[in-house]
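Trainee: Got a minute? I'd like to walk through this one with you before I set anything up.

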Amino acid sequence: MQTAIQLIVTSLQIGAVYILFSLGLTLIFGVMRIVNFAHGHLFTISALMVAYSVPWLAGNGFPVLLAYLTGAAIGIAVALVIGFLIYVFGFRYFQRDMVGSFILSIGLVLLLDGVLLKLFGGAVRPVPEVLSGTVNILGATVTTQRLALCFAAVVITGMLYLALTRTRLGKALRAVSIDHEAAMLQGVPYNRMAMIGFMIAAGLAAVAGALIAPVSIVSPAIGADYLIKGFIAVIVGGLGSVPGAILGGLFVAAIETFGGFYFDPTAATIAIFVLVIVVLLVRPKGLLDNG
Amino acid sequence: MDDKLGLPYWAIGTALALGSTLLIGDPYIVSVVNLISIAALTAVSLRFVMLIGELNFATAAFVGIGAYTAGAAVTILDWPFLVAILLAGVVAAAVSALFGFVTLKTKGPYFLLISFAFTEAVRIVYSKSMFLGGNSGMVGIFPPLALDPWMPTFIMAVSAALIFALYAAERSDFGKILIAIRDNENVARTVGLNILLIKVACFALASFAAGIAGSLHAFANSVISPGDFSYLLAAFALAYVKVGGEDSILGPIIGAVLLVSLGSYALGLGGQEHIFYGAAIVLVVLLMPHGLVGLVRRGRDKLAQRRA
């Protein structure tokens, strides 16, 4: 029983990051109808900035928590700037062009991969512990850091959900993702919505990167693994669907944790793949497809 | 569009290319030429599935399956060289037919992502299969000793033959159906075509070529490892297709020749291969969406207009 609770808690932790990731992917797909493989690199850039700035700030007399918050702000800011540049000089010209935008994003992936490797080297960077201690939940132990991560992810997901369902901007974004031409006829500025959607997604990836940095080992390759899982989560849930992204993220995390514990990580990865195939066989557009 | 296949041009081009392989002796240039032949075949295979409007990242997986089939046939089963190459194509085509039958019901982003995930899943399978050498891969995949000096010629001849076969398929009625599916699947369905079956046939044909490309890769390098067949292989093939231009079959060939030779030159300078390929793709997509072939065509049309 205790093992089961521990596993559930672990899958919720992993799932929290997958959710932030897949929410961004699904938002970009919904608004612009493009698949962005470079999404993972915004996550990586943010995590790398945190991993480099926090030890430096802490070494210069900052308290660890303040150093972390400053580092996270720097990381998110840098990732947002790069996301903005990618949008303005690249994806803006490829709205609703699946193949073109995908090819562009693969080019960006290779380019950013090379640049990040050159700038930061392949070595992993540890981040000092920000919050110490562990918490006991129903007999399962969790480090405070991971609990804070989950909490932050839940708050962000909740805020995004409220923003999408309750505010004017959210309604406009949803209208664009359902039918962009009808939305434009109603006076919704499509180009601005596309940019806002892209930047919110970039922000989600950046926040996820800053959150994962202290509880993980950061290297320039960290984004790729999360990206693949994030994509699988959105395929399972249905591209363009927010509840689908949340469900898919939890689903992938649960299989990964339980499969990894009872069998081995390889079996878990293959099981995820088989399940995706099964889902696609039954529902070729994902479980909660709305488009 | 004329229905002639332009056979004389193909014959002359292939003969010239094959002839030039007989002249090279430097082992480094031999390896680059082999890479070019295999890259061109892989890129043409990727482009063939693009005819039905799908981007097939599983190309990398089928190249890998071909390479591992050939490797296992030669080193474990001791089967003859040519049988191993043929088997590589057949196994890749068979796996792709099964995979395609399930996944080609999906379209666009779903197919793209699932083929991407398949590539990574297959790679994990090799690295965990101990009889396939696990993470370190397989070694000692040699062609027959008598053939060794002729390898570049042999590899190029096989690649050229398969590229021509795919070109002939594209120009046939079958190819026209593929384009019809890309343009509007539902219209094609209304005239009584079994869309899924045609898609699977197209996919299996392309994967046969990819499997053969993999076996050639295995024999050219004599060492293969799971790391050789990540999604990056398909990303590079996509770079060849895009830089050359996807509208013509010459595009992927030109792209492969250009990027592989420039890439190995850049590697010699200590430059970063990834930055080079990435920058090439980004610039081409942004500046010349129809690639080099498109650029040449436009230039030719402009010249023709000025003369008229």
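Trainee: Let's start with chain B. What percentage of its 308 residues is buried?

Mentor: Buried residues come to 48% of chain B. Keep in mind that this is a predicted model.

Trainee: And what is chain B built from, in terms of secondary structure?

Mentor: You get 13 helices and two strands there.

Trainee: What radius of gyration does chain B have, next to what a compact globule would have?

Mentor: Chain B has 19 Å, and a compact globule of 308 residues would be near 19 Å, so the two agree. Along the principal axes, its C-alpha trace spans about 60 × 45 × 35 Å.

Trainee: Okay, switching to chain A. What order do its helices and strands come in?

Mentor: The pattern along the sequence is α-α-α-α-β-β-α-α-α-α-α-α-α. That's eleven helices and two strands.

Trainee: How do those strands, β1 and β2 of chain A, run relative to each other, parallel or antiparallel?

Mentor: Antiparallel, with four bridges joining β1 (residues 134-137) to β2 (residues 140-143). A:Val135 in the pairing stands opposite A:Val142 in β2(A).

Trainee: What sits between β1(A) and β2(A)?

Mentor: Two residues, making the pair a hairpin. A:Leu138 is in that turn and has a positive phi of about 50 degrees.

Trainee: Next, α9(A). How many of its 16 residues are buried?

Mentor: The count is 14, so to speak of it plainly, α9(A) is mostly covered.

Trainee: How far apart are the end C-alpha atoms of α9(A)?

Mentor: They're 23 Å apart. At 1.5 Å a residue, the helix at residues 222-237 should span 22 Å, so that agrees.

Trainee: What does the backbone do just after α9(A)?

Mentor: A:Gly238 takes a positive phi there, about 110 degrees.

Trainee: Now the contact between the chains. How many residues does each one put in?

Mentor: Chain A puts in 34 residues and chain B 29. On the chain A side, α4 (98-120), α9 and α11 (265-282) each supply at least two residues.

Trainee: Which of them gives the most?

Mentor: α4(A), with 16 residues.

Trainee: How do the chain A residues that touch chain B divide by polarity?

Mentor: There are 25 nonpolar, six polar and three charged ones.

Trainee: Last one, back to folds: in chain A, what share of contacts between residues at least 6 apart in sequence joins residues at least 24 apart?

Mentor: That share is 74% in chain A. For chain B, the corresponding figure is 78%.

Notes: Residues are numbered from 1 along each chain as its sequence is written. Chains are lettered from A and ligands numbered from 1 in the order in which they are written. This is a predicted model: local features need pLDDT of at least 70, side-chain atom pairs count only at pLDDT 80 or more; totals for chains, interfaces and linings use all residues. The expected span of a helix is 1.5 Å times one less than its number of residues. A residue is buried if 20 or more other C-beta atoms lie within 10 Å of its own, exposed if 12 or fewer, and partly exposed in between; C-beta atoms are placed from the backbone. Two residues are in contact if their C-beta atoms, placed from the backbone, lie within 7 Å. Ala, Val, Leu, Ile, Met, Phe, Trp, Tyr, Cys and Pro count as nonpolar, Asp, Glu, Lys and Arg as charged, and the others, Gly among them, as polar. The radius of gyration is taken over C-alpha atoms; the globule rule is 2.2 Å times the number of residues to the power 0.38. Two strands pair if DSSP finds at least two bridges between them.
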